[in-house]
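Good morning. I will take a few minutes to walk through one structure, so please have it open while I talk.

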Amino acid sequence: EPSLEETLRLWHLFIEQQGAEPFMLFVNRCSRALYERYHKNQTFCPDIPEPVILLPDVKDLDRPNVRQLADELGATVLISNETQMQRICGTPRIAAMHLEHFLPRIRQDDLIIVPADRSDIILGAMVANFADNFPAVSAILLTGSLSPAAATLELVGGIDAIHIPLLHIEEDTMQTAFRVQSLEARIDVDSPKKIATALGLFNDNIDAARITAALAASKSDIVTPAMFEHRLLERASLDKKTIILPETEDERILRAADILLRRRAVNIALLGNKSKIIARAEALGLHLAKADFIDIKDKSYRKSLAQKYQAYRSHKGMTFDAAYDALSNATLFATMMVATGACDGMVSGATHTTRETILPALQTFKTQKGYTIVSSCFFMCFDTRVLVYADCAVNPDPSAAELAEIAIASAQTAQQFGIEPRVAMLSYSTGTSGIGSDVDKVRAAVQLVRSIRPELLVDGPIQYDAAIDPDVGKMKMPQSPVAGRATVFIFPDLNTGNNTYKAVQRSAGAVAIGPVLQGLARPVNDLSRGCSITDIVNTVAITAIQAQGTQA
């Protein structure tokens with residue numbers, strides 16, 4: 001510690017001598033003892049006036065993932081998939097004994113180094129990967145000039161399950177082990193787990209608001225998709241909420257939970273048997289120990305929730321036994337965890353339909369005060385800005401009153417996520433030029449929004465080009481505060497909205513985040529069944545931010 005303090009003083013002096021003003025000093029890779037002693041009160045090296053932030057040493061950041069290992073060694077990848085190549089390699093362990101002696105000695109995430117002709121070790125490690133009572137290794141690195149047996153590779157490759165990455169290098173075992181030990185770990189674009197871990201570590205130990213304020217020389221209206229996604233996780237982490245994920249049988253859900261926990265963005269509750277989920281997570285190379293686990297088969301939970309669900313549905317003649325049986329449905333169970341306040345929000349839909357996700361919420365806590373329908377919006381992230389499109393997922397043919405609700409809810413969503421709402425009520429004509437029932441519906445909706453929220457900037461009927469393009473807007477609606485400047489786009493029906501967002505997403509390369517459900521009394525959000533891991537991460541962060549603004 002004395003030498004570290006002296007190093008800090010020298011760096012502080014050096015920075016000042018260069019004519020720069022120190023703002024904050026970071027000490028990286030601190031021992032656990034040093035970190036625990038000083039990080040809470042930040043009294044390390046008190047004679048330096050600026051804050052000295054200690055960041056603990058984290059083993060995962062100092063280890064390569066399987067992709068980096070293969071690239072650095074020049075190894076051939078025999079069996080794997082891209083997500084498994086992102087697994088972080090643990091302790092290198094040479095398999096130099098018989099299988100029965102080797103199996104008890106492996107540990108979670110070990111990197112197994114073994115001669116290529118040891119089919120027994122390959123098959124034994126693969127089987128251990130699927131067994132709940134054995135740890136899962138990160139990869140198997142085969143060594144030597146011999147090729148692994150073709151029958152072994154065919155057998156392993158034919159298993160329709162999670163595969164341990166299988167690599168081969170034509171060097172002897174000891175030489176390979178020495179090279180592995182000397183590898184430098186990197187954090188790059190192919191290291192999503194390490195990136196998430198590093199960002200979570202940073203956010204846990206620094207005052208992000210202070211840094212942002214100090215660095216913000218000017219404010220820009222430019223918001224890239226990466227900036228927007230980063231801000232979602234940053235906002236969520238400021239006031240952590242607990243989001244429950246009921247679809248734990250889906251690998252994407254578990255991978256997203258791993259990233260969110262590494263980022264320290266939210267608290268995660270996983271619905272299902274803890275030991276089974278942990279075993280599956282370990283086979284995938286994920287760390288979910290910090291999640292909460294809620295077993296749907298827990299009778300005490302079921303009884304308590306059944307009583308409350310019966311009360312919600314008593315007007316429909318619901319009995320306790322019927323309520324208890326109904327709670328075998330994972331989505332309903334998770335919704336009731338939100339309804340009772342045990343969790344702050346729910347994200348579902350990776351394996352369920354939109355109706356299956358929304359219906360339990362409508363049967364329990366229903367809509368917010370002032371709303372009669374649930375609607376949805378998408379955040380459409382372009383190169384330099386983010387727009388809101390609604391309703392693109394829920395209401396097929398909204399009435400004028402429902403369209404007004406969608407507009408008000410979407411403006412509220414935009415504002416909650418830092419987008420100044422300027423609402424364009426879209427139609428096939430602009431201003432007073434068009435006639436017909438469809439245009440009249442939009443016109444009536446505009447008047448309703450203005451009467452309910454007179455302070456809100458809203459205009460319509462308006463065509464998309466007049467809403468988005470300043471020159472067209474000035475020509476078609478020169479007096480409008482929205483034309484050419486719209487940020488929230490309300491489509492007249494689901495057919496138009498759904499097709500437009502998908503056309504823009506695919507043709508213009510926009511990142512579509514959503515659907516985000518609006519109007520519910522408590523946050524519940526729906527996933528597309530084709531969702532990516534990033535989609536799930538973003539949706540959970542959005543749900544957490546919605547929960548921050550929810551009044552219990």
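I will go through a sheet, then the helices that lie across it, and then a pair of helices. Keep in mind that this is a predicted model.

Start with the sheet. It is open, has five strands, and follows the order β3-β7-β6-β5-β4, with mixed pairing. Which strands stand at the edges? They are β3, residues 76–79, and β4, residues 92–94. Each of these has a single partner strand, so one side of each is left without a neighbour in the sheet. On average, neighbouring strands here are turned by 30° against each other, direction ignored.

Now the pairing, beginning from the β4 edge. β4 runs parallel to β5, which covers residues 111–115, and three bridges join the two. Within that pairing, isoleucine 94 has isoleucine 113 of β5 as its bridge partner. From β5 we move on to β6; these two also run parallel, joined by five bridges. Here proline 115 stands opposite threonine 143 in β6. β6 then pairs with β7 in the parallel sense, over four bridges, and the bridge partner of isoleucine 140 in β7 is leucine 166.

Let me stay with β6 for a moment. How many of its residues are buried? Five of five, so to speak of it as mostly covered is fair. In a regular strand, side chains alternate between the two faces of the sheet. In β6, Ala139, Leu141 and Thr143 point one way, while Ile140 and Leu142 point the other way, and all are buried.

Next, the helices on the sheet. Helix α5, residues 119–130, lies across β5, β6 (139–143) and β7 (166–169), and runs at about 175° to β6. Together, β5, α5 and β6 make a right-handed β-α-β unit. Helix α7, residues 173–181, lies across β4, β5, β6 and β7, and its angle to β5 is about 155°.

Last, the helix pair. Helix α11 spans residues 251–263 and helix α22 spans residues 533–548; their axes come within 9 Å and cross at roughly 55°. That makes α11 oblique to α22. The crossing is right-handed. Which residues make the contact? On the α11 side they are Arg252, Ile253, Arg255, Ala256, Ile259 and Leu260. On the α22 side they are Ile533, Ile536, Val537 and Val540.

That is where I will stop.

Methods
Residues are numbered from 1 along each chain as its sequence is written. This is a predicted model: local features need pLDDT of at least 70, side-chain atom pairs count only at pLDDT 80 or more; totals for chains, interfaces and linings use all residues. Side-chain values use heavy atoms; hydrogens and water are left out. Two strands pair if DSSP finds at least two bridges between them. Axes are lines fitted to C-alpha atoms, for helices over the stretch in contact, and angles run from 0 to 180 degrees between N-to-C directions. Contact means heavy atoms within 4.5 Å. Buried means under 20% relative accessible area, exposed over 50%, partly exposed in between (1.4 Å probe, protein chains only). A crossover is right-handed if, with the strands pointing away from the viewer, the path from the first strand over the helix to the second runs clockwise. Angles under 35 degrees count as roughly parallel, over 145 as roughly antiparallel, 65 to 115 as roughly perpendicular and the rest as oblique. A crossing is left-handed if the near helix is turned anticlockwise from the far one by less than a right angle, and right-handed if clockwise.
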